[in-house]
Amino acid sequence: MKLSKMHIKTLREVPNEAEIASHILLLRTGMIRKLVSGVYGFMPLGWRSVRKIEEIVREEMDATGAQEIHMSAVQPAELWEESGRWYAYGPELWRLKDRNGRDFCLGPTHEEIFTDVIRNDVSSYRQLPMNLYQIQTKYRDEARPRFGLMRSREFIMKDAYSFDKDFAGLDESYRTMYDAYDRIFTRCGLTFRPVEADTGAIGGSNSHEFTALAEVGESEIAYCEHCAMAATTERAACVDAPAQTGAEMLPMEKVHTPDAKTIEEVAGCLGMEAKDTIKALLFVTYDEETNEENGYVAAFIRGDRELNMIKLVNALGIPEHTIAFADEDEIGAATGCVGGFTGPCGLHDCKIVVDSELPGLANLCAGANQKDYHVRNVNYGRDYEGDIVTDLKVLQAGDPCPICGAPVKHARGIEVGQVFKLGTKYSEAMGANYIDENQKEQPIVMGCYGIGVTRTLAAVVEQHHDENGIIWPMSVAPYHVIITLVKPDDAVQAAVAEKIYQALAAAKVEVLLDDRKERPGVKFKDADLLGIPVRITVGKLAGEEKVEYKLRRDAQKSEISVSEAIAKAIEIVNQEK
Ligand code: ATP
Ligand code: MG
């Protein structure tokens with residue numbers, strides 16, 4: 001392709017709305033184009049890289065025996081009602097009506113649709129196992145679309161669904177997908193970690209996220225350097241502080257703590273440590289269908305801990321979007337809580353959820369449910385009880401590893417893929433059964449496996465750039481080689497550039513020729529910005545059949561003969577593409 005003919009518009013300036021490198025660079029290179037918040041289009045270079053990622057995904061999926069299909073993005077509400085997700089999915093589900101008032105949504109994911117395909121088409125164990133996938137545009141009306149392709153409202157996803165006779169089969173299908181994901185993200189040039197993950201709205205029992213490591217990532221992961229533990233901090237189990245067995249329960253004592261509302265203020269006021277206090281967090285819950293308030297929840301954890309919302313909603317068995325922080329003063333009359341002075345003793349008409357380590361700890365300090373007062377020596381069992389007692393903690397860096405006890409580390413990353421064991425959740429809800437070897441009807445056992453194709457593109461840029469622009473790994477670069485023709489008007493230079501261009505194209509190297517009538521400085525800047533892996537500069541040495549050869553990722557350049565440059569380019573492209 002000749003750049004003079006290509007539809008491309010690069011930007012010198014950093015666009016206002018972009019905060020992170022990948023968003024800035026994808027906009028500056030003109031690879032993506034924003035239409036409205038969270039909705040992007042792809043220009044020629046951007047689309048080529050998307051297709052490269054899709055092709056890697058396709059090759060690796062096909063290699064496992066999975067079969068590609070393509071279902072519609074428009075999905076009828078009835079299927080979502082069957083699975084129970086029409087309301088449970090919440091406001092992210094992009095709903096619409098047709099002219100007759102019938103409800104539809106734009107698919108955020110396709111469990112229902114694929115389960116429907118299978119229940120119609122599969123009846124016998126002989127047809128299993130099977131894995132179907134698609135690469136398709138998904139819609140999620142995200143609360144906070146941001147970072148460009150990272151969290152958008154329209155994006156491309158590969159979603160695959162496995163169907164097995166039994167759980168042993170699912171384990172095998174899951175492993176196959178897990179290994180394929182490993183190869184896919186490796187081929188895309190990402191540094192990533194598979195980590196244990198929460199299963200969220202999809203349900204099921206077992207899941208891993210593939211996290212591309214990056215400071216700007218929205219996923220926080222905890223991992224252990226002494227054992228194999230690696231999990232999202234949402235999911236990671238926490239070790240309770242050792243129980244103080246045998247400690248004497250002292251009598252409760254009300255203490256005056258004027259204006260001491262935060263844990264730090266209370267601890268400071270009473271000369272104790274945050275870990276000797278109980279932190280209260282109050283919530284309102286809403287009906288998932290009508291959105292009306294339907295109850296209150298009080299969660300209690302040790303004062304120095306952080307509440308893990310995912311663990312809380314899982315304990316309550318409700319979707320995340322149906323719970324929100326309460327204004328304690330507003331719900332005070334109903335529950336007995338008092339803003340800043342809420343404690344577990346004497347609360348009423350709300351569900352009390354207590355972190356699992358509190359019952360083992362003696363003589364803690366908690367709010368007295370009275371303005372300006374706390375109580376000392378609060379003990380579980382004697383002074384309060386929980387409706388639910390479970391692990392509610394966020395695993396912090398330095399906390400003991402839940403497997404081996406060594407201090408855990410934290411890292412941030414971008415979730416580029418996730419694999420789930422769904423089990424029979426959808427097949428049972430929607431009646432997807434098969435007849436087994438003994439003529440008995442059984443539910444099909446399912447798994448589902450997603451890759452954010454467009455998010456992966458952003459993650460690659462996030463990991464591969466410098467201050468001058470993108471540094472594409474060969475495998476997903478929009479083109480492999482850029483020939484920078486310094487003086488297009490110079491007949492000798494133009495002829496040499498054309499010769500290289502033809503030779504590379506003949507060797508199936510994807511090559512861009514910058515033949516624009518621009519100053520050399522502009523061309524070099526654009527070549528760096530675009531990040532094409534190999535640059536061959538045809539300039540004043542063209543008459544001697546010499547060019548400058550440079551890899552985008554290396555600082556050094558070399559002056560070599562035209563034939564050598566062609567050979568080197570072909571070699572590196574074939575090695576790395
Ligand atoms: P997140 O936790 O980031 O919202 P998710 O867990 O809801 O993502 P999945 O349902 O697992 O996402 O979807 C599969 C993949 O699709 C994700 O691993 C991610 O790569 C991609 N993806 C999900 N939401 C978005 C989005 N809003 N924009 C771009 N890609 C997305
Ligand atoms: Mg996910």
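Okay, one definition before anything else: when I say buried I mean under 20% relative accessible area, exposed means over 50%, and partly exposed is in between. By that yardstick Glu415, at 24% relative accessibility, counts as partly exposed. Keep Glu415 in mind, as this residue comes back twice. And a reminder that what we have here is a predicted model.

Let me start with the overall picture. The chain has 577 residues, and 53% of them count as buried. In terms of secondary structure, there are 14 helices and 31 strands. If you lay the C-alpha trace along its principal axes, the span is about 95 × 65 × 50 Å.

Right, on to the metal. The magnesium ion is ligand 2, and its coordinating residues are Glu415, through OE, and Gln418, through OE1, with distances of 1.8 to 2.2 Å. So how do those two residues sit with respect to the 20% cut-off, buried or partly exposed? Glu415 is the partly exposed one, at 24%, while Gln418 has 12% relative accessibility and therefore counts as buried. Before anyone asks about the rest of the coordination sphere: water is not among the atoms, so the site may look incomplete.

Now ligand 1. It is surrounded by 14 residues, and the closest are Arg140, Glu142, Arg151, Ser152 and Glu415. There's Glu415 again: it is among the closest residues to ligand 1 and it also coordinates the magnesium ion.

What about specific polar pairs? From the side chain of Arg151, a polar atom lies 2.8 Å from an oxygen atom of ligand 1. Two backbones come in as well. In Gly452, a backbone N or O atom is 3.2 Å from an oxygen atom of the ligand, and in Met150, a backbone N or O atom is 3.5 Å from a nitrogen atom of the ligand. As for how much of the ligand is hidden, on its own ligand 1 has 580 Å² of accessible area, and the protein covers 84% of that.

Which elements give two or more residues to that shell? They are β8, residues 154–164, and β21, residues 409–423. The largest share, four residues, is from β21. Sorted by class, the shell has five nonpolar, four polar and five charged residues.

Next, cysteines. The structure holds zero disulfides, and it's worth going through a couple of pairs to see why. Take Cys105: the closest cysteine sulfur is in Cys448, 16 Å away, which is too far for a bond. Cys105 is also buried, at 0% relative accessibility. Then look at Cys227. The closest cysteine sulfur there is in Cys401, at 3.6 Å, and that is still too far for a bond, because a disulfide needs the two sulfur atoms within 2.5 Å. Cys227 itself is partly exposed, with a relative accessible area of 22%.

A quick stop at Arg85, which belongs to helix α4, residues 85–88. Is Arg85 buried or exposed? Buried, at 2% relative accessibility. Its side chain makes a polar contact of 3.2 Å with the side chain of Tyr426.

Let me finish with the backbone, and a few loops you may want to click on. In the loop between α5 (111–121) and β7 (130–139) you'll find Pro129, and the peptide bond joining Leu128 and Pro129 is cis, with omega about 0°.

Two residues have positive phi without being glycine. Asp259 has phi near 60°; it's in the loop between β13 (253–256) and α7 (263–270), and it is exposed, with 58% relative accessible area. Asn363 has phi of about 55° and is placed in the loop between β17 (351–355) and β18 (364–370). Asn363 is partly exposed, at 21% relative accessibility.

Last loop: Lys508, between α12 (491–506) and β28 (511–514). Lys508 is exposed, at 66% relative accessible area. Lys508 and Ile570 are 62 residues apart in sequence, yet their C-alpha atoms are 8.6 Å apart in space.

Okay, that's my tour. Over to you.

Notes. Residues are numbered from 1 along each chain as its sequence is written. Chains are lettered from A and ligands numbered from 1 in the order in which they are written. This is a predicted model: local features need pLDDT of at least 70, side-chain atom pairs count only at pLDDT 80 or more; totals for chains, interfaces and linings use all residues. Side-chain values use heavy atoms; hydrogens and water are left out. A residue is near a molecule or strand if one of its heavy atoms lies within 4 Å of it. A polar contact is a pair of N or O atoms within 3.5 Å; within protein, one must be able to donate a hydrogen and the other to accept it, and residues adjacent in sequence count only if both atoms are side-chain atoms. Accessible areas come from the Shrake-Rupley method with a 1.4 Å probe; for residues, only the protein chains shown count as cover. Ala, Val, Leu, Ile, Met, Phe, Trp, Tyr, Cys and Pro count as nonpolar, Asp, Glu, Lys and Arg as charged, and the others, Gly among them, as polar. Buried means under 20% relative accessible area, exposed over 50%, partly exposed in between (1.4 Å probe, protein chains only). Donors are N, O and S atoms within 2.8 Å of the metal (3.2 Å for Na, K and Ca); water is not among the atoms, so sites may look incomplete.
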